[in-house]
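Q: Could you take a close look at one part of this protein with me, the largest nonpolar core? I would like to know which residues and elements build it.

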Amino acid sequence: MTKNDAPVGDFIREIIEDDLRTEKHRGRVATRFPPEPNGYLHIGHAKSVCLNFGIAAQYGGTCNLRLDDTDPSGESLEYVQSIINDVHWLGFDWGNRLFYASDYFEHLYQFAVNLIKAGKAYVCSLNADQMREYRGTLTEPGKESPYRNRSIEENLDLFARMRAGEFEDGAHVLRAKIDMASPNVVMRDPIIYRIKRVPHYRTGTDWVIYPMYDFAHCLSDSLEKITHSICTLEFENNRPLYDWIVGELIAHDRPRQIEFARLNVSYTILSKRRLIQLVEQNYVTGWDDPRMPTVAGMRRRGYPPEAIRTFCAKIGVAKKDNLVDIALLEACVRDDLNERAPRVMGVLRPLKVIIDNYPEDRVEEFECANHPQNSAMGTRKVPFSRVIYIEQDDFTENPPRKYKRLAPGKEVRLRSSYVIRYQGMVKNEQTGEITELHCTYDPETRNGPPPDGRKVDGVIHWVSANHAVPVEVRLYDRLFQVPDPAASGDGFVRHLNPHSLETLPSCPVEPSLRDVPSGSPYQFERLGYFCRDSKGTPSDPPVFNRIVSLRDSWAKIAGKEGK
RNA sequence: UGGGGUGUCGUCAAGCGGUAAGACACAGGCCUUUGGAGCCUGCAUUCGGAGGUUCGAAUCCUCCCACCCCAGCCA
């Protein structure tokens with residue numbers, strides 16, 4: 001952990017500290033991160049990962065990684081592997097404590113048998129529709145199932161035959177015998193086992209009955225001797241059931257469930273179901289599309305795990321519904337990258353500049369600092385010659401007020417190089433487009449300010465045309481155009497930002513970028529942070545993803561001036 | 001019109017009866033060979049509302065209001 005993700009106090013840590021003080025779990029702290037392997041992890045999961053693993057680390061406890069795989073439909077090994085990979089990448093380790101709820105199937109079955117023997121569970125043969133009717137409504141109590149008072153022997157027999165595969169899906173379920181009149185619908189004889197003839201990615205066809213979440217989760221926690229079972233708010237209604245099951249079946253070391261508010265982030269969506277939709281309907285290129293809020297997407301985009309951890313620490317943990325500004329995530333990423341990313345130069349939208357008074361065959365190499373505030377990051381050589389590219393944005397015929405870049409009659413500093421002065425431009429007669437600029441350089445400005453004391457305000461980046469490496473650049477923007485796309489329910493796709501990806505097929509960048517590894521971040525000066533994409537084929541020109549832009553205060557000024 | 005939760009700055013979020021932290025965002029300024037970074041300053045007389053208790057309330061009590069979750073053989 002770094003200084004930035006030092007956990008701050010929150011209500012969960014308060015509870016834990018209380019429990020530690022009162023020796024409630026004999027000084028133990030054991031948490032778990034329990035994803036279901038039916039999708040990729042996203043930034044919301046990252047919050048939970050940081051919480052659970054962070055707490056374990058902070059209090060000298062343990063945190064298990066447990067795959068909550070009790071519903072084989074939709075679960076797969078691919079998801080398991082992505083989860084393992086993502087949690088590791090985020091910076092956490094579970095030692096030898098990788099568990100699967102499916103490993104407990106036999107044990108859970110025995111628990112269910114015990115519940116039946118205690119007269120606390122029964123096999124119910126109502127069909128799904130009937131079940132719904134008998135359940136009552138939010139304001140009306142339910143009715144007891146006609147099968148509620150089957151004998152223990154009959155229940156035992158039926159349950160064994162359910163396991164043995166004698167019945168079709170839906171023919172019977174096992175229910176806890178609690179209270180059909182409970183004001184909490186969860187407690188109205190909840191189903192704890194159902195028949196599901198779907199092969200499981202781990203247990204194959206060994207089982208045709210699978211435990212429900214409410215039954216499996218609390219008992220898995222108990223088997224793992226979890227002390228604090230941290231989950232999200234929507235399970236608050238399930239806590240009485242959690243406590244009931246544990247109360248019936250577990251004598252010692254009962255875990256305690258604590259709920260916190262799940263994370264929401266503006267301009268994106270964090271529902272697994274909807275993320276799946278984006279992937280399956282090809283709104284994005286996959287789970288690891290750099291625009292996705294998935295851990296895999298953020299990794300490919302170039303977000304450092306440290307930045308994600310810092311973000312998770314900064315948003316805090318509470319019980320209030322929230323919509324965290326994505327600008328905070330971006331700020332964390334910039335903050336981290338500002339310190340670690342070496343500076344380089346690349347031009348996104350090139351404008352050719354010919355330096356008329358610079359000898360045609362001459363090439364100079366400038367020793368450029370890799371980081372202006374950190375000399376330990378060293379220097380690199382950047383070639384300079386008579387023809388260079390600058391950013392189209394860095395020249396204008398009619399400069400607005402406060403414009404500090406190149407314009408007719410003006411001069412500007414080429415970063416780490418000379419001051420150049422505008423001399424003329426060449427336009428395409430047909431389109432009016434400026435095709436090249438002619439400038440002169442001031443040889444006296446190589447290592448410092450002009451000796452005559454004149455001020456040169458603007459500094460722009462550039463790349464020597466002859467030495468440039470052409471790369472593809474992908475500029476990413478927010479996935480959605482509205483702050484809270486989830487508020488539109490299933491219509492959220494209509495808010496997708498059509499400009500969330502802009503591809504620039506051939507951008508000149510400095511030669512030091514020719515063979516950089518994928519994933520390591522660079523700051524393209526004055527533009528943003530970029531990293532080479534991990535998916536390109538070696539024969540193609542390299543692809544660079546924009547991780548996040550630099551703060552652009554000129555855009556703000558220009559915006560205001562324009563109004 | 002049942003039950004369970006939550007309401008403090010634009011957004012997160014501290015605060016736990018002694019007189020509203022911090023972060024992001026925003027607005028000014030300084031500095032700068034990145035209009036980056038850094039630095040400085042400003043930004044809730046008020047805590048969903050109304051009453052009450054108290055010398056003193058965001059914190060305690062009462063009532064009210066708003067929002068979220070629950071009627072999958074999903075998790």
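A: Let's go straight in: the largest nonpolar core has 40 residues, and Ile-43, Phe-53, Val-87, Ile-308, Phe-311, Val-333 and Ile-547 touch the most other members. Such a core is a set of buried Ala, Val, Leu, Ile, Met, Phe, Trp, Tyr and Cys residues joined through side-chain atoms within 4.5 Å, where buried means under 20% relative accessible area (1.4 Å probe, protein chains only). The model is predicted: local features need pLDDT of at least 70, side-chain atom pairs count only at pLDDT 80 or more, and totals for chains, interfaces and linings use all residues. Side-chain values use heavy atoms, leaving out hydrogens and water, and residues are numbered from 1 along each chain as its sequence is written, with chains lettered from A and ligands numbered from 1 in the order in which they are written.

Which elements contribute? At least two residues each come from helices H2 (43-58), H3, H10 (295-301), H11 (305-315) and H12 (326-340), and from strands E2, E23 (528-532) and E24 (543-549). Helices (H or I, at least four residues) and strands (E, at least two) are DSSP runs, numbered from the N terminus. H2 gives the largest share, six residues.

Now zoom in on Val-333: leaving aside residues up to four places away in sequence, Val-333 touches Tyr-303, Pro-304, Ala-307, Ile-547 and Val-548, contact being heavy atoms within 4.5 Å.

Apart from the largest core lies another, of 36 residues, including Tyr-109, Leu-158, Met-162 and Ile-209.

Two of the contributors also meet elsewhere: H3 (residues 77-90) lies across E1, E2 and E3. Those three strands form an open sheet in the order E1-E2-E3, with parallel pairing, and two strands pair if DSSP finds at least two bridges between them.

Methods: Axes fitted to C-alpha atoms, helices over the stretch in contact; angles between N-to-C directions. Buried < 20%, exposed > 50% of the residue type's maximum accessible area, 1.4 Å probe, protein only.
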